[in-house]
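Trainee: I would like to go through the side-chain contacts in this model. Please give me the reasoning behind each label.

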Amino acid sequence: MRNRMKTIKILSGYRETRLMVHVSDTPRKIEKGLMFVEILPENEGMLFVFPGKIYGGFWMKNTCIPLSIAFLDSDGEILKILDMQPCQGNDCPIYNPERFYQYAIEVNLGWFEKNQIKEGDYVKFD
């Protein structure tokens with residue numbers, strides 16, 4: 001992964017959890033995502049930055065590891081968290097939050113739950 005790295009903070013009430021993310025902010029980086037990545041360090045993830053609000057889901061084609069994904073609005077509020085399984089074929093399910101969002105964060109499966117991060121929490125990008 002050659003994306004630039006950034007530390008983000010996730011605010012859950014009075015708790016603050018830090019996460020190192022690879023930033024995917026171009027169509028090519030967004031499309032590739034975490035494809036073919038075999039190991040994702042414990043407190044690392046990928047931040048997808050879209051130019052505006054979008055509607056639709058993610059799929060796990062050519063992804064090797066199970067992931068959890070959080071969909072965020074333009075203010076950084078976590079709208080929906082979904083768990084996703086790897087898919088090697090062409091018939092991969094779409095994981096759709098069924099709402100508009102501007103950012104998405106992928107982490108190892110169960111990371112949000114393990115860190116007590118839930119829908120309604122906020123992400124600070126600065």
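Mentor: Start with the cut-offs for accessibility. Buried means under 20% relative accessible area, exposed means over 50%, and partly exposed is in between. Keep in mind that this is a predicted model.

Trainee: Why is Glu42 called partly exposed?

Mentor: Its relative accessibility is 40%. The partly exposed class lies between 20% and 50%. Therefore Glu42 counts as partly exposed.

Trainee: What makes Lys114 exposed?

Mentor: Lys114 has 58% relative accessibility. The cut-off for exposed is over 50%, so Lys114 counts as exposed.

Trainee: How do you know that Lys114 forms a salt bridge with Glu42?

Mentor: The closest N and O atoms are 2.9 Å apart. A salt bridge needs a Lys or Arg side-chain nitrogen within 4 Å of an Asp or Glu carboxyl oxygen, so this pair counts.

Trainee: What makes this pair a link between distant parts of the chain?

Mentor: Lys114 is in helix H2, residues 111-114. Glu42 is in the loop between helix H1 (27-32) and strand S3 (44-54). The two are 72 residues apart.

Trainee: Which residues do shared salt-bridge partners join into one network?

Mentor: Arg4, Asp25 and Lys29. Within it, the side chains of Asp25 and Lys29 meet at 3.9 Å, N to O. The limit is 4 Å, so the pair qualifies. Asp25 is partly exposed at 31%, and Lys29 is partly exposed at 29%.

Trainee: How many salt bridges does the structure hold?

Mentor: Five. Another one of them pairs Arg18 with Glu16, with the closest N and O atoms 3.5 Å apart. Glu16 has a relative accessible area of 43%, so Glu16 is partly exposed.

Trainee: On to the cysteines. How do you know that a disulfide joins Cys87 to Cys92?

Mentor: The S to S distance is 2.0 Å. The rule asks for two cysteine sulfur atoms within 2.5 Å, so the pair is a disulfide. The count comes to one disulfide. Cys87 and Cys92 are both buried.

Trainee: Why is this disulfide called left-handed?

Mentor: Because the torsion about the S-S bond of Cys87 and Cys92 is about -85 degrees.

Trainee: Why is Cys64 too far for a bond?

Mentor: The closest cysteine sulfur is in Cys87, and the sulfur of Cys64 is 11 Å from it. The cut-off is 2.5 Å, so no disulfide is assigned between them. Cys64 has 35% relative accessibility, so Cys64 counts as partly exposed.

Trainee: Now the rings. How many aromatic pairs does a search of the whole structure find?

Mentor: Eight. One of them is Phe71 with Tyr101, an edge-to-face pair.

Trainee: What makes the pair of Phe71 and Tyr101 edge-to-face?

Mentor: The centres are 4.7 Å apart, and the planes are at 65 degrees. Pairing needs centres within 6.5 Å, and edge-to-face needs planes over 60 degrees apart, so both tests are met. Phe71 lies in strand S5 (residues 67-72) and Tyr101 in strand S8 (residues 101-108), so the pair ties together parts 30 residues apart in sequence. Phe71 and Tyr101 are both buried.

Trainee: Why is the pair of Trp111 and Phe112 called edge-to-face?

Mentor: The centres are 5.6 Å apart, with 80 degrees between the planes. The angle cut-off is over 60 degrees, so the label holds. Trp111 and Phe112 are both buried.

Trainee: Which residues do ring pairs link into a cluster?

Mentor: Phe48, Phe50, Phe58, Phe71 and Tyr101.

Note on methods
Residues numbered from 1 in each chain as written. Predicted model: local features only at pLDDT ≥ 70, side-chain atom pairs only at ≥ 80, totals over all residues. Heavy atoms only, no water. Buried < 20%, exposed > 50% of the residue type's maximum accessible area, 1.4 Å probe, protein only. Helix = DSSP H or I, 4+ residues; strand = E, 2+ residues; numbered from the N terminus. Phe/Tyr/Trp six-rings, centres within 6.5 Å; stacked < 30°, edge-to-face > 60°.
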